[in-house]
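Subject: Structure for you to look over

Dear colleague,

I am handing over the structure we spoke about, and I would be glad if you could read it alongside the notes below.

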Amino acid sequence: MSEGLEQSFVKQLRENQNIIHKICRLYTAGDDAHKDLFQEITIQLWKAFPKFRGDSKFSTWAYRVALNTAITLYRKSTKSVQTVDYEKHQFFISQEDYNYEEEERIKLMYQAVYQLNDIEKALVFMYLEDKDYTEISETLGISEVNARVKMNRIKGKLKKILNP
């Protein structure tokens, strides 16, 4: 590949790496698994980059490749699904600024999201990232109407999980 193509890839990857890290957090438990998945997604993005035509934004394309890679590896995994031990990953700040109620709500939400299937997790992730249904549908390869219907069903499912 040309040096210009490589520089373009590295620039785009740097600007959009948070997308990949968030997807890795959703589909892995632990730092090693996170790093492994991040590396695998980066490899898949690099392999596919010469075919990236620019019909969509790089971030939309990267979402699609990253989610497909994560979902494929998630499905291939023969291990039982592990959740992240939230207590090991919390960041402590000064006592007066720390909102324990909000922390508990976030913890419960993550526990609920971990119970969803892989496509539902991806949809919730993108919804919480304020992606519009057009971008969600393009990334997941479903119709916009289907994305809206699925999201409404997921909201109901999460309400049942959170309020049994």
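What follows is an account of the fold, the core, two helix contacts and a few single residues.

Please keep in mind throughout that this is a predicted model. The chain contains seven helices and zero strands, so that its pattern, followed along the sequence, reads α-α-α-α-α-α-α. Of its 164 residues, 34% count as buried. When contacts between residues at least 6 apart in sequence are considered, 65% of them join residues at least 24 apart.

**The core**

The largest nonpolar core has 37 residues, and the members that touch the most other members are Ile-23, Tyr-27, Ile-41 and Leu-45. At least two residues of this core come from each of α1 (3–27), α2, α3 (58–76), α4 (100–114), α5 (118–128), α6 (133–140) and α7 (144–162), and the element that gives the most is α3, with nine residues. Both domain 1 (1–90) and domain 2 (96–164) are represented, each with at least three residues in this core. As general background, nonpolar side chains in soluble globular proteins tend to be buried together.

Tyr-27 is worth following in the viewer: leaving aside its neighbours within four places in sequence, Tyr-27 is in contact with Leu-37, Leu-67, Ala-70, Ile-71, Tyr-74, Asp-118, Lys-121 and Ala-122. One of these partners, Ala-70, lies in helix α3 and has a relative accessibility of 2%, which is why it counts as buried. Not counting residues up to four places away in sequence, Ala-70 touches Ile-23 and Leu-37 as well as Tyr-27. Ala-70 can also be related to Glu-40, which is 30 residues away in sequence, while the C-alpha atoms of the two are 8.7 Å apart in space.

Thr-42 belongs to helix α2 (residues 31–48), and with a relative accessible area of 17% Thr-42 is buried, because the cut-off for that class is under 20%. With residues up to four places away in sequence left out, the residues that Thr-42 touches are Phe-9 and Leu-13.

**Two contacts of α7**

The axes of α6 and α7 come within 8 Å and cross at roughly 100 degrees, and the two helices are therefore roughly perpendicular to each other. On the α6 side the contact is made by Tyr-133, Thr-134, Ile-136 and Ser-137, and on the α7 side by Glu-144, Ala-147, Arg-148 and Met-151. By class, the residues of this contact of α6 with α7 are four nonpolar, two polar and two charged. Arg-148, which is found in helix α7, counts as partly exposed at 41% relative accessibility. Its C-alpha atom is separated by 6.9 Å from that of Tyr-133, although the two residues are 15 apart along the chain.

For α5 and α7, the axes come within 10 Å and cross at roughly 95 degrees, so this pair is likewise roughly perpendicular. Here Glu-120, Leu-123, Val-124 and Tyr-127 in α5 meet Ala-147, Lys-150, Met-151, Ile-154, Lys-155, Lys-157 and Leu-158 in α7. The contact of α5 with α7 has seven nonpolar and four charged residues, and no polar ones.

**Two further residues**

Ile-161 is another residue of helix α7, and its relative accessible area of 26% makes it partly exposed. Setting aside residues up to four places away in sequence, Ile-161 touches Ala-112 and Gln-115. Ile-161 and Ala-112 are 49 residues apart in sequence, whereas their C-alpha atoms are 6.2 Å apart in space.

Finally, I would ask you to look at the backbone of Asp-130, which lies in the loop between α5 and α6. The phi of Asp-130 is near 65 degrees, a positive value in a residue other than glycine. Most residues other than glycine have a negative phi. Asp-130 is exposed, with a relative accessible area of 70%.

With best wishes

Definitions and conventions
Residues numbered from 1 in each chain as written. Predicted model: local features only at pLDDT ≥ 70, side-chain atom pairs only at ≥ 80, totals over all residues. Heavy atoms only, no water. Helix = DSSP H or I, 4+ residues; strand = E, 2+ residues; numbered from the N terminus. Buried < 20%, exposed > 50% of the residue type's maximum accessible area, 1.4 Å probe, protein only. Contact = heavy atoms within 4.5 Å. Core = buried A, V, L, I, M, F, W, Y, C linked by side-chain atoms within 4.5 Å. Domains from an automatic or database assignment. Axes fitted to C-alpha atoms, helices over the stretch in contact; angles between N-to-C directions. Parallel < 35°, antiparallel > 145°, perpendicular 65-115°, else oblique. Nonpolar A, V, L, I, M, F, W, Y, C, P; charged D, E, K, R; others polar.
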